[in-house]
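Visitor: Please take me through one kind of contact in this model in detail, with the residues that make it. After that, I would like a close look at a single helix.

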Amino acid sequence: MRIFISTGEVSGDLQGSLLVTALKNQAASSGLELEIVALGGEKMAAAGATLIGNTTSIGSIGILEALPFVLPTLKIQRQATAFLKENPPDLVVFIDYMGGNLPMGKYIRRNMPNVPTVYYIAPQVWVTSIGEKDTEQLIKISDKLLAIFPEEARYFQNKGADATWIGHPLVDRMQSFPDRETARDNLGIADNVTCIALFPASRSQEIKHLVPVMFEAAREIQNKIPEVHFWIPLSLEKYREEIEKQVDNYQLRATVVSNQQKEVLAAADLAISKSGTVNLELALLNIPQVVLYRLNPFTYWVAKNILKIKISYASPPNLLVMREIVPEFIQETATTENIVEAAMEFLLNEQRQQQMQADYQEMQQFVGEIGVCERAAEEILQLTANS
């Protein structure tokens, strides 16, 4: 059986790699010979997928931000469609990455109408105020939707989709994290050091829009807490030079690392992070966090004033419970002052820490039980059996 998986960006590559591993486990246990071809990244390749194209660097949020990626996306899609013409898949799985997956899904529906399709980790159209058109398109290209948020499943079911909530795949990934003591030993962090993790970027646009405000806030915290040290795990190695340059510019006591994200997450006393997958990892580790996001001002203005887009919440912990348990600072509110104030409250106010722990406990009932990726793999392989 040949399965084609299409995803993009760093987070899609991570989720895709977990799914590839689960699919291969399921296939091996049932004696099924499985070939997985993919648009994804190095993590998926390491898990056993054959890459048709690498999409980890092709990703953006916004209008102007997307322009540099139009031609690379079209080029990779042409490569993929040419491959699929010669090597038709038995099943297709889409993971997030709406900009690439909607055109790919339409192509497959048009040219391979009998091939079953699954959307796993659908784009978050269900949290925006203008998701209707995209919702219709997602349902049209999907025989099955595997939802990772309970509210997401309800939303798509109400729209007539065959949607099933399976839980969030990071529940499985958390089993491989070290404990706090081991993580701090591995990183050489002394007991008296306050470890703050910074997660500024998984997209190139975030270097420009998030690093200055995040690093300025970090410098102010450093001035207030002499024993603080910052750890910055890289999402992509190509960002190292610019981030290290900015660390020097802001005179931060910081260490930039590759391939040690799990250790940094587990070791942290606090995290300051862009909104994204990492927010849920931090929540599942019970690490206090402050979340921020900024877009190009023009993009944000158009979204707010022309398109009238409203978003419920930006970070996964808040989306799970549909209320703010993690402080979010978006665009105008993502200021140095706000970030520092929220961070210092977590570092110095034990009552605030306890409240976040209680909120995290509430959130965890909505993430599902361990075995999410295996359940996803079962649903996917079952679809081929029924087709």
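**Salt bridges, then one helix**

Guide: Asp-269 is partly exposed, its relative accessible area being 24%. That class runs from 20% to 50%, because anything under 20% counts as buried and anything over 50% as exposed. The model is a predicted one, and the values below are computed from it.

The side chain of Asp-269 meets that of Arg-180 in a salt bridge, with 2.8 Å from N to O. The two residues are 89 apart along the chain: Arg-180 belongs to helix α8 (residues 180-187), while Asp-269 sits in the loop between α12 and β11 (270-274), and the pair links these distant parts. Arg-180 is also partly exposed, at 39% relative accessibility.

A search of the whole structure gives 14 salt bridges. Another of them joins Glu-281 to Arg-173, with the closest N and O atoms 2.6 Å apart. Glu-281 is in helix α13 (residues 277-284) and Arg-173 in helix α7 (residues 170-173), so this pair ties together parts that are 108 residues apart in sequence. Here both partners are buried.

A further salt bridge is formed by the side chains of Asp-162 and Lys-144, at 3.0 Å from N to O. Asp-162 lies in the loop between α6 (150-158) and β7 (163-165), and Lys-144 in strand β6 (residues 144-147); they are 18 residues apart, and the pair links distant parts of the chain. The accessibility of the partners can be set side by side: Asp-162 is partly exposed at 44%, whereas Lys-144 is buried at 10%. This pair is not isolated, for Lys-144, Asp-162 and Glu-379 are linked in a network of salt bridges.

Now the helix. α3 covers residues 70-86, which is 17 residues, and spans 25 Å from its first C-alpha to its last, close to the 24 Å expected at 1.5 Å a residue. Which residues of α3 are buried? They are Thr-73, Ile-76, Gln-77, Ala-80, Thr-81 and Leu-84. Viewed down the axis of α3, these buried residues fall within an arc of 140°, so they line one face of the helix. The spacing follows a general rule: an α-helix has 3.6 residues a turn, so residues three or four places apart point the same way.

What do the buried residues of α3 pack against? Their contacts are with three strands, β1 (2-6), β2 (35-40) and β3 (50-54), and with one helix, α4 (98-111).

The face of α3 turned away from the buried side carries the exposed residues Leu-71, Lys-75, Arg-78, Lys-85 and Glu-86. Leu-71 also takes part in a nonpolar surface patch with Val-70 and Leu-74, the three together having about 280 Å² of accessible area. Leu-74 is itself a residue of α3. With a relative accessible area of 37%, Leu-74 is partly exposed.

For contrast with the buried face, consider a loop residue elsewhere. Asn-259 lies between β10 (254-257) and α12 (261-267) and is exposed, with a relative accessible area of 80%. The C-alpha atom of Asn-259 is 7.4 Å from that of Pro-233, although the two are 26 residues apart along the chain.

How values were computed:
Residues are numbered from 1 along each chain as its sequence is written. This is a predicted model: local features need pLDDT of at least 70, side-chain atom pairs count only at pLDDT 80 or more; totals for chains, interfaces and linings use all residues. Side-chain values use heavy atoms; hydrogens and water are left out. Helices (H or I, at least four residues) and strands (E, at least two) are DSSP runs, numbered from the N terminus. The expected span of a helix is 1.5 Å times one less than its number of residues. Buried means under 20% relative accessible area, exposed over 50%, partly exposed in between (1.4 Å probe, protein chains only). The arc is that of the directions from the helix axis to the C-beta atoms. Contact means heavy atoms within 4.5 Å. Patches are made of residues with over 30% relative accessible area and no salt bridge: like charges are joined within 9 Å, nonpolar side chains (Val, Leu, Ile, Met, Phe, Trp, Tyr) within 5 Å. Accessible areas come from the Shrake-Rupley method with a 1.4 Å probe; for residues, only the protein chains shown count as cover. A salt bridge is a side-chain nitrogen of Lys or Arg within 4 Å of a carboxyl oxygen of Asp or Glu.
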